[in-house]
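Biologist: I am new to this structure and would like to go through it step by step. Please show me the chain, and I will ask about it afterwards.

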Amino acid sequence: MTPKQRMKRTKHIGILLGVAFATLWTGCGDAECPLSSHAVARFDFLDSKTHHPVGLTNGATITGIIYLDNHPEIDTLFNQANNYMSLPLSYTEQTTYVMHYSETLRDTIELTHKNIPFVKDIECGAMMFHQVESMRYTTNVLDSVVLVNPDINNEEKTNFNIYYRTADDNE
């Protein structure tokens with residue numbers, strides 16, 4: 001093979017690689033997949049009188065309970081002091097969160113929801129969105145829970161406001 005033939009062959013291989021790369025690059029970019037593919041419910045912690053954000057104490061832990069084959073599975077979902085939390089929902093029709101303030105003091109929030117499979121593009125994969133249908137909760141420490149937005153998807157937005165009575169409320 002002469003140097004001229006090698007150069008011509010190399011040029012063709014370069015063009016083919018360039019076309020293949022450009023095709024793959026635009027193929028992946030056309031789907032515009034969301035950055036987050038996880039649907040989480042956002043709970044904001046607010047003062048029941050002022051509606052200002054309040055933080056949980058450092059000892060607070062949130063666990064989630066889901067049922068697999070009629071057996072409860074418990075997992076720690078959140079254990080940081082903050083003025084909000086974002087938590088996943090179960091793929092069953094019910095999700096239960098237990099808020100542990102101490103070893104003996106806790107509140108429970110129970111959600112009943114519809115699961116909605118969602119596919120934006122086959123390249124992005126499937127996601128599970130949820131729509132809250134009902135809610136029950138205890139009021140040992142928290143004052144009330146308000147459903148702000150029943151549609152839980154991969155967009156960052158408040159779904160629930162959890163109102164707490166603060167020390168100033170008891171005076």
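Biologist: Is Arg136 buried or exposed?

Modeller: The model is a predicted one, and the class follows from the computed accessibility. A residue counts as exposed over 50% relative accessible area. Arg136 has a relative accessibility of 55%, so the class is exposed.

Biologist: Which residue meets the side chain of Arg136 in a salt bridge?

Modeller: Arg136 lies in strand S7, and the other residue of the pair lies in strand S6, so the bridge ties together parts that are 26 residues apart in sequence. The N to O distance is 2.8 Å. The residue that meets Arg136 is Glu110.

Biologist: How many salt bridges does the count come to?

Modeller: The bridge between Glu110 and Arg136 is one of them. Another joins Arg42 and Asp44, at 2.7 Å from N to O. Glu156 also forms a salt bridge with Arg42, with the closest N and O atoms 3.2 Å apart. The count comes to 4.

Biologist: Which residues are linked with Arg42 in a network of salt bridges?

Modeller: Arg42 has a salt bridge with Asp44 and one with Glu156. The pair of Glu156 and Arg42 links distant parts of the chain, 114 residues apart: Glu156 is in the loop between strand S9 and S10, while Arg42 is in strand S1. The residues linked with Arg42 in the network are Asp44 and Glu156.

Biologist: Is Glu156 buried or exposed?

Modeller: Its partner Arg42 has a relative accessible area of 19%. Buried means under 20%, so Arg42 falls in that class. Glu156 has a relative accessible area of 64%, and its class is exposed.

Biologist: Over the ring of which residue does the charged end of Arg42 sit?

Modeller: Besides its salt bridges with Asp44 and Glu156, Arg42 has a placement that involves an aromatic ring. Its charged end is 3.9 Å from the centre of that ring. The ring belongs to Tyr84.

Biologist: How is the aromatic pair of Phe43 and Tyr97 arranged?

Modeller: A pair of aromatic rings is described by the distance of the centres and the angle of the planes. For Phe43 and Tyr97 the centres are 5.5 Å apart and the planes are at 80°. Planes over 60 degrees apart count as edge-to-face, so the arrangement of this pair is edge-to-face.

Biologist: Which strands hold Phe43 and Tyr97?

Modeller: The pair ties together parts that are 54 residues apart in sequence, so its members come from separate strands. Both Phe43 and Tyr97 are buried. Phe43 lies in strand S1 and Tyr97 in strand S5.

Biologist: Which residue forms a stacked aromatic pair with Phe43?

Modeller: In that pair the centres are 4.6 Å apart, with 10° between the planes. Phe43 lies in strand S1 and the other residue in strand S10, so the pair ties together parts that are 117 residues apart in sequence. Phe43, Tyr97 and this residue form one aromatic cluster. The stacked partner of Phe43 is Phe160.

Biologist: Which residues touch the most other members of the largest nonpolar core?

Modeller: The core has 26 residues. The elements that each supply at least two of them include S1, S5 and S10. Met85, one of the residues asked for, touches Phe43, Phe78 and Ile162, among others beyond four places in sequence. The list is Phe43, Met85, Met99, Ile162 and Tyr164.

Biologist: What is the relative accessibility of Ile109?

Modeller: Ile109 lies in strand S6. Beyond its neighbours within four places in sequence, its contacts include Phe43, Tyr97, Arg136 and Ile162. Val145 is 36 residues from Ile109 in sequence, and their C-alpha atoms are 8.5 Å apart. Ile109 counts as buried, with a relative accessibility of 0%.

Biologist: How many helices and strands does the chain have?

Modeller: From the N terminus on, the helix comes ahead of the strands. Of the chain's 171 residues, 32% count as buried. The secondary structure comes to 1 helix and 10 strands.

Notes. Residues numbered from 1 in each chain as written. Predicted model: local features only at pLDDT ≥ 70, side-chain atom pairs only at ≥ 80, totals over all residues. Heavy atoms only, no water. Helix = DSSP H or I, 4+ residues; strand = E, 2+ residues; numbered from the N terminus. Buried < 20%, exposed > 50% of the residue type's maximum accessible area, 1.4 Å probe, protein only. Phe/Tyr/Trp six-rings, centres within 6.5 Å; stacked < 30°, edge-to-face > 60°. Lys NZ or Arg CZ within 6 Å of the ring centre and 35° of its normal. Core = buried A, V, L, I, M, F, W, Y, C linked by side-chain atoms within 4.5 Å. Contact = heavy atoms within 4.5 Å.
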